[in-house]
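Please open the model in a viewer and keep the sequence panel visible. The tour below proceeds by selection, with a short account of what is found at each stop.

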Amino acid sequence: MTRRARPLAAVALILCGLLLADEVDAKKRPRRKKSGAAKTVRPNFDTRLPLLGTRLVAFPAGPGKPLAERACLACHSGDIVAQQRLTEKQWAAEVTKMAVWGADIPQDKREELVAYLVNNFGPGAPKYEPVLTRPVGR
Amino acid sequence: MKTSGKGSAPPLSLDRRRFLALAGAAALAPGALLARFSEGVPVGRRRMIQRNGYAVDAETPLDALTTYLTPNDLFFVRNHWNPQYTGHRGWALTVDGEVERPLRLSASDLRRMPRTEVTCVLQCAGNGRGLFEPPVPGIQWKYGAVGNARWGGVRVKDILDRAGLKAEARHLHSFGTDKPPVHVPPFHRSIEIEKVLADAIVADEMNGEPLPAPHGGPARLVVPGWAGVHWMKWLDRLSAQPEAQKGFYMETAYRYPKELGAPGVVLPASEMRGVTELFVKSSVTEPPARARAGSPVVLRGFAFSGAPDVVKVEISEDEGQTWRPAELDPQHDPWAWRLWSFRWVPSVPGPHTLWARATDSRGAVQPKDAPWNPSGYLHNGWHAASIEVES
């Protein structure tokens, strides 16, 4: 490398470093006191990720879907349902427990609800993939 | 061999070219490189695995659990139902029951009492439930419903001394401000008084910050070495009582077999006991996905137990026939986790599996398979890392 090229290479490396710093720790970033300058605080996570609790599982189509939505979603998201891989006996026990706890499940619809749950979230259901989200809010 | 501590994060996953580019940039602009990390965790790994959208339940990906202290915003969150955050205004901790002088302590009263700090692991009782076979109902946590934090607050013993604990008190009942929906039973708990007096604190700080609301702020119980179910969030009442608390969350949920049965067999209530101490456990946080025969790679992880310390972490290449010791990071506090690292030089190309197991200060050894139990608590089977070795 020639003498003239060395400073250029150093500048290029510094620019490279600055470009790599596309995410800045918002907490540790020193505050600039430029009057009138817009204060930019870059988040320290990938902003393409959704906020925790904003992307929810939708129940799959089927004859028991409205029943499941009515019974389950008043108190918790569908995520907790969709990640289970339970047998008919286990789902029946869950439905009974939730009915006692106040879930809106008509007595004569329990079998239909259990059938929907076993059909979609039984032992043979495809692997559940949870949503990746931003860090927890403070 | 250097082990990873707070503030360090080795670029194991980087290829050589990117490593050199980063190293060059770091030499000239160290601030720029540091900005790629936040509280010791690379920005690209700062994310959560959502297990429930509402009430929010989320665990930390293993590759973000690489620092001695887990950052607050990457610490797992567990809610039984949608919490109603009270904030500090008007919050008070009531202390009653078998005490000479019932108390009502405001947040500032608590801050004026003698302070203490405890650095220890908080793990959800159900961490690893999603690994049990046959499956059991509940949040299907895998590995990350666990973290290590520095908790600041007041010893429960000091609070009870001020209240004048009576000899009749054998259990400390705990209550939080969160309320269940419809007819769901309330989350009321109790802990044996001996454990409370020896180790428990009322924490209002986490890693030097006011305890964040998602983690139980204004104040929560911290019970070192015991499962998270004992660490009451949004704590607003402690009541000293002769008997243990009753109700669903004491008598039905959070129960573990006194004598283990066969997988899939549900035991009668009389054969179950409450979940208390954590089981000895080690997890691999940074397995290199690829390696080259003859070139060293480093595995990293953490290990903890219900005993105050972990004395050994070992790695096996042959599913437990032989073991070699990993290096334990010297940084440690009672009931905190130990970071560990293991330098491995693969000799044969092809797919390899390495297993990790820990031994605690009481001699308990992590088992190959976690004992199956009906609610899927305290999974601690060996953690395996799969590595593809190229020639």
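**First stop: a loop in chain B**

Select B:L378, which lies in the loop between β24 (350–360) and β25 (383–390) of chain B. Helices (H or I, at least four residues) and strands (E, at least two) are DSSP runs, numbered from the N terminus. B:L378 has a positive phi of about 55°, although it is not a glycine. Most residues other than glycine have a negative phi, and most peptide bonds are trans. Is B:L378 buried or exposed? B:L378 is buried, because 24 other C-beta atoms lie within 10 Å. A residue counts as buried if 20 or more other C-beta atoms lie within 10 Å of its own, as exposed if 12 or fewer do, and as partly exposed in between, with C-beta atoms placed from the backbone.

This is a predicted model, in which local features need pLDDT of at least 70 and side-chain atom pairs count only at pLDDT 80 or more, while totals for chains, interfaces and linings use all residues. Residues are numbered from 1 along each chain as its sequence is written, and chains are lettered from A and ligands numbered from 1 in the order in which they are written.

**Second stop: strand β25 of chain B**

Move next to B:A385, in strand β25 of chain B. B:A385 is buried, since 21 other C-beta atoms lie within 10 Å. Leaving aside neighbours within four places in sequence, B:A385 is in contact with B:V284, B:P287, B:L299, B:T353 and B:L354. Two residues are in contact if their C-beta atoms, placed from the backbone, lie within 7 Å. Now add B:H332 to the selection: 53 residues separate B:H332 from B:A385 along the chain, and their C-alpha atoms are 25 Å apart.

**Third stop: a second positive phi**

Select B:W234, in the loop between β13 (220–222) and β14 (235–241) of chain B. Phi of this residue, which is not a glycine, is positive, near 45°. B:W234 is buried, because 21 other C-beta atoms lie within 10 Å.

**Fourth stop: two cis peptide bonds**

Display the backbone from B:Y54 to B:A55, where the peptide bond is cis, with omega near -15°. B:A55 sits in the loop between β3 (48–52) and β4 (57–59) of chain B. Then go to B:E133 and B:P134, which are joined by a cis peptide bond with omega about -5°. The loop that holds B:P134 runs between β7 and β8 (146–155) of chain B.

**Fifth stop: the domains of chain B**

Colour chain B by its domain assignment, which gives domain 1 (72–253) and domain 2 (277–391). The bounds come from an automatic or database domain assignment. Taken over C-alpha atoms, the centres of domain 1 and domain 2 of chain B are 30 Å apart. To their contact, domain 1 of chain B gives 20 residues and domain 2 of chain B gives 19 residues. Which element supplies the largest share of the domain 1 side of chain B? Strand β7 (residues 116–123) of chain B does, with 4 residues. By class, the side of domain 1 of chain B that touches domain 2 of chain B has 11 nonpolar, 8 polar and 1 charged residues. Here Ala, Val, Leu, Ile, Met, Phe, Trp, Tyr, Cys and Pro count as nonpolar, Asp, Glu, Lys and Arg as charged, and the others, Gly among them, as polar.

**Sixth stop: the helices of chain A**

Turn to chain A, which has 5 helices and 1 strand, in the order α-α-α-α-α-β along the sequence. Of its 138 residues, 30% count as buried.

Select helix α4 (residues 88–100) and helix α5 (residues 110–121) of chain A, which pack at an angle of about 130° with their axes 9 Å apart. The angle makes α4(A) oblique to α5(A). The contact is made by A:E88, A:W91, A:A92 and A:V95 of α4(A) and A:R110, A:L113, A:V114, A:L117 and A:V118 of α5(A). These residues divide into 7 nonpolar, no polar and 2 charged.

Keep α5(A) and add helix α2 (residues 65–72) of chain A: α2(A) and α5(A) pack at about 100°, with axes 9 Å apart. That makes α2(A) roughly perpendicular to α5(A). Axes are lines fitted to C-alpha atoms, for helices over the stretch in contact, and angles run from 0 to 180 degrees between N-to-C directions. Angles under 35 degrees count as roughly parallel, over 145 as roughly antiparallel, 65 to 115 as roughly perpendicular and the rest as oblique. Finally, show A:K65, A:L67, A:A68 and A:A71 in α2(A), which meet A:E112, A:L113, A:Y116 and A:L117 in α5(A).
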